[in-house]
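Please examine the model shown here, beginning with an interaction between a charge and a ring and then turning to the nonpolar interior.

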Amino acid sequence: MGHHTLFLWPTADPALGRLPQGVKDLFAHMAVAVAPVARGLARVRDAAAAAREIMIDLPMDSSGVATLSDCWRSVTRHLLAGVGCDLGQIVFPHLEKCTELERRKILETVSTYLDTGSLGDTARVLRVHRNTVLNRLNAFEKYTGLDVQRPYDAAAVIIALEWQGARP
């Protein structure tokens, strides 16, 4: 498949991406996309399509094993881009209303919160008070209308930040 090689084998392990170390070692010097486990022959085509999307998303010079849980943000971003959807438009134009410094601090806080999932952990990572984290998340909501403490909004913001390269 172009610069991709698709390798399928049966497994009884239901866990996504849990490959034996020997298999991981075998693929250490090449890029490998691990598809979600196909539940029955009818799902093999879907699993292969998922592996292909993961592989397409990987940089040409990458190596190692990549799973859907590793790559879902960028795969989603690319698939949305294919239909002309830029989720960055739900975030970044609205943040133009604040100063550059405020925008940088808000985005750093939002990104860290989305990575940690915790107000306290975000405060520790950023070395600020927990109320500062809450104030910045509230400012983000004021500007964008998106509350990253709500799962649906958080998912959209994660993709928007990925789109703009703002994610670590």
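The charged end of Lys142 lies over the ring of Tyr143, 4.7 Å from its centre; a charge sits over a ring if NZ of Lys or CZ of Arg is within 6 Å of the ring centre and within 35 degrees of the ring normal. This is a predicted model, in which local features need pLDDT of at least 70 and side-chain atom pairs count only at pLDDT 80 or more, whereas totals for chains, interfaces and linings use all residues. Residues are numbered from 1 along each chain as its sequence is written, and side-chain values use heavy atoms, with hydrogens and water left out.

The largest nonpolar core (buried Ala, Val, Leu, Ile, Met, Phe, Trp, Tyr and Cys residues joined through side-chain atoms within 4.5 Å) has 25 residues, of which Val91, Val110, Leu114, Phe140, Val148 and Val157 touch the most other members. Two or more residues each come from α4 (100-116), α5 (119-126), α6 (130-144) and α7 (151-163), helices being DSSP runs of H or I with at least four residues, numbered from the N terminus. The largest share, six residues, is given by α7. Beyond its neighbours within four places in sequence, Val110 is in contact (heavy atoms within 4.5 Å) with Leu137, Phe140, Val148, Val157 and Leu161. A second, separate core of ten residues includes Ala33, Ala35, Met55 and Cys71.

Helix α6 also contains Thr144. Thr144 has a relative accessible area of 11% and is therefore buried (under 20%, with a 1.4 Å probe and protein chains only). The Thr144 side chain reaches the backbone oxygen of Phe140 at 2.7 Å and the backbone nitrogen of Leu146 at 3.1 Å. Leaving aside neighbours within four places in sequence, Thr144 is in contact with Ile90, Val91, His94 and Leu95.

Note on methods
Buried < 20%, exposed > 50% of the residue type's maximum accessible area, 1.4 Å probe, protein only. Polar contact = N/O pair within 3.5 Å; in protein donor to acceptor, adjacent residues only side chain to side chain.
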